[in-house]
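Here is a friendly walk through one model, meant to be read with the sequence and the 3D view open side by side. Please have a look at them first.

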Amino acid sequence: MLSVKDAVVRYGAITALHGVSFEVNQGEVVTLLGANGAGKSTTLRMLSGLHAPTSGTITFDGDDITNVKAHMFSSMGISHVPEGRRIFPEMTVQENLEMGAYGRKDNYVGDMERMYSLFPILKERRKQLGGNLSGGEQQMLAIGRALMSQPRLLLLDEPSMGLAPMIIDQIFRIIGEIRDGGTTVLVVEQNAAHALRLADRGYVMENGVIAFSDTSEKLLHDPRVRAVYLGEAVE
Ligand SMILES: Nc1ncnc2c1ncn2[C@@H]1O[C@H](COP(=O)(O)OP(=O)(O)OP(=O)(O)O)[C@@H](O)[C@H]1O
Ligand SMILES: [Mg+2]
């Protein structure tokens, strides 16, 4: 579905991605792991048109999308939940979800109901301002808003960041439901234990390149992953 080949991304004099290559197949959850500064968020920003690569290619459903602009991505079927969530704090939950459907010409009422059944807490809070939600609720709202554009590929940047373990479990369970509903997911995480339990495959980034990759099962038992990313987290 998605194929990235030898992508190089620069911020002025700084090269953040030094030739990144990976693939995501339809129906998978794929996770991108790596330490701070490895280039994970840059990779997702590149995949939503916010930083075009200076060389390399990106193909999506067979089309070359390397130089497609950011505003085209949602209509192409790619939706990005950035680091830090960025919901609209002065809008209600319901208005935030409606913003996610911006540009859709069909009737999206059914999708609103689908979001409320995926995230029942959002239904209870639908008239509250986004800014008054807890961190976990804001993450759910950010994911729900991204789903309102009916993406075929959902990009999630550290959905577990700053959340309590119970809420993280809940968010990952919902990401599994989203995959089961037919949406392919690429999720960036520092919480490798959670991400690998859900994902089919993982890529480990170091210093702007993919250092290695494997099935989640193999990565969970890989000494390099256990030492650096899991500590004692895996039984
Ligand atoms: N706007 C920017 N201008 C200059 N350098 C940047 C910019 N954004 C990121 N970088 C640099 O690019 C590299 C990759 O950053 P990126 O945010 O992609 O890492 P990350 O893997 O998402 O890290 P984290 O886990 O901390 O979120 C880092 O060295 C970072 O300092
Ligand atoms: Mg990041």
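Helix α1 gives the most to the shell around ligand 1, with three residues. The shell holds 13 residues, and Y11, A16, K40, S41 and T42 come nearest; a residue counts as near a molecule if its C-beta atom, placed from the backbone, lies within 6 Å of it. Two elements, β2 (14-24) and α1 (40-46), give two or more residues each. Helices (H or I, at least four residues) and strands (E, at least two) are DSSP runs, numbered from the N terminus. By class, the shell has four nonpolar, seven polar and two charged residues. Here Ala, Val, Leu, Ile, Met, Phe, Trp, Tyr, Cys and Pro count as nonpolar, Asp, Glu, Lys and Arg as charged, and the others, Gly among them, as polar.

A word on the ground rules: this is a predicted model, in which local features need pLDDT of at least 70 and side-chain atom pairs count only at pLDDT 80 or more, while totals for chains, interfaces and linings use all residues. Residues are numbered from 1 along each chain as its sequence is written, and chains are lettered from A and ligands numbered from 1 in the order in which they are written.

Now to the interior. The largest nonpolar core (buried Ala, Val, Leu, Ile, Met, Phe, Trp, Tyr and Cys residues joined through C-beta atoms within 7 Å) has 60 residues, and L155, L186 and V187 have the most contacts inside it. Helix α6 (residues 135-147) supplies the largest share of this core, six residues. Leaving aside residues up to four places away in sequence, L155 touches L44, L47, S48, I78, S79, H80, V81 and L186; contact means C-beta atoms, placed from the backbone, within 7 Å.

Helix α6 also meets α3 (residues 93-100): their axes come within 7 Å and cross at roughly 35°. On the α3 side the contact is made by V93, N96, L97, M99 and G100, and on the α6 side by L141, G144, R145 and A146.

Finally, two backbone angles are worth a look. Most residues other than glycine have a negative phi. What is the phi of R85? The table gives this value and that of N207.

| Residue | Phi | Loop |
|---|---|---|
| R85 | about 75° | between β6 (78-81) and α3 |
| N207 | near 50° | between β9 (201-206) and β10 (209-215) |

R85 is buried because 21 other C-beta atoms lie within 10 Å, whereas N207 is partly exposed, with 14. The cut-offs are 20 or more for buried, 12 or fewer for exposed, and partly exposed in between, with C-beta atoms placed from the backbone.

Conventions:
Contact = placed C-beta atoms within 7 Å. Axes fitted to C-alpha atoms, helices over the stretch in contact; angles between N-to-C directions.
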